[in-house]
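This report describes the fold, the core and two glutamines of one chain. The sequence and coordinates come first.

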Amino acid sequence: MDDRNLMQDILLLEKGACDLYMHGTIESSSQNINKAFKTALNSSLTLQDDIYKKMTQKGWYQTEQAEQNKVDTLKQKFSNSSMQ
């Protein structure tokens, strides 16, 4: 397994951890538990961002710039659906 595949796997696992912590935060039954999940979520999101930035620097994570007309179309779509 090369470095790129390893980093992709790590990023995928970190995204999964973020998802679990987010659901734990939403479903927590007390302030203490909620705070613990929020803290873990924030740490995990920071780590995910660090991994993403490193992969981007290496050219392993490519993103496309969204076309402005597509962004505007989606904004319009969701602003209309929220008013109903």
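The radius of gyration is taken here over C-alpha atoms, and the reference value for a globule is 2.2 Å times the number of residues to the power 0.38. For 84 residues, a compact globule would by this rule come out near 12 Å, whereas the chain has 17 Å. The model is a predicted one.

**Overall form**

Three helices and zero strands make up the secondary structure of the chain, and the order from the N terminus is α-α-α. The C-alpha trace spans about 45 × 40 × 15 Å along its principal axes. Of the contacts between residues at least 6 apart in sequence, 59% join residues at least 24 apart.

**Surface and charge**

The accessible surface of the chain is about 6,900 Å², and carbon and sulfur atoms account for 54% of that area. Buried residues are 17% of the 84 residues. The chain carries 10 positive and 11 negative charges, and the mean positions of the two sets lie 5 Å apart.

**The nonpolar core**

In soluble globular proteins, nonpolar side chains tend to be buried together. In this chain, the largest nonpolar core has five residues: M7, L11, I51, M55 and W60. Helix α1 (3-27) and helix α2 (31-57) each supply at least two residues of this core. Apart from neighbours within four places in sequence, the core residue M55 is in contact with M7, Q8, L11, W60 and Y61.

**Two glutamines**

Q8 belongs to helix α1, and Q48 to helix α2. Which of the classes buried, partly exposed and exposed does each fall into? Buried means under 20% relative accessible area, exposed means over 50%, and partly exposed is the range in between. Q8 has 33% relative accessibility and therefore counts as partly exposed. Q48 has 18% and so counts as buried.

The table lists the two residues with their contacts, leaving aside neighbours within four places in sequence.

| Residue | Relative accessibility | Contacts |
|---|---|---|
| Q8 | 33% | M55, W60 |
| Q48 | 18% | L11, E14, K15, C18 |

Both contacts of Q8 in the table, M55 and W60, are members of the largest nonpolar core. For Q48, the contacts include L11, which is also a core member. Q8 is also one end of a long sequence separation: Q76 is 68 residues away along the chain, and the C-alpha atoms of Q8 and Q76 are separated by 34 Å.

Key. Residues are numbered from 1 along each chain as its sequence is written. This is a predicted model: local features need pLDDT of at least 70, side-chain atom pairs count only at pLDDT 80 or more; totals for chains, interfaces and linings use all residues. Side-chain values use heavy atoms; hydrogens and water are left out. Helices (H or I, at least four residues) and strands (E, at least two) are DSSP runs, numbered from the N terminus. Buried means under 20% relative accessible area, exposed over 50%, partly exposed in between (1.4 Å probe, protein chains only). Contact means heavy atoms within 4.5 Å. Accessible areas come from the Shrake-Rupley method with a 1.4 Å probe; for residues, only the protein chains shown count as cover. Lys and Arg count as positive and Asp and Glu as negative; His and the chain ends are not counted. The place of a charge is taken as NZ of Lys, CZ of Arg, CG of Asp or CD of Glu. A nonpolar core is a set of buried Ala, Val, Leu, Ile, Met, Phe, Trp, Tyr and Cys residues joined through side-chain atoms within 4.5 Å.
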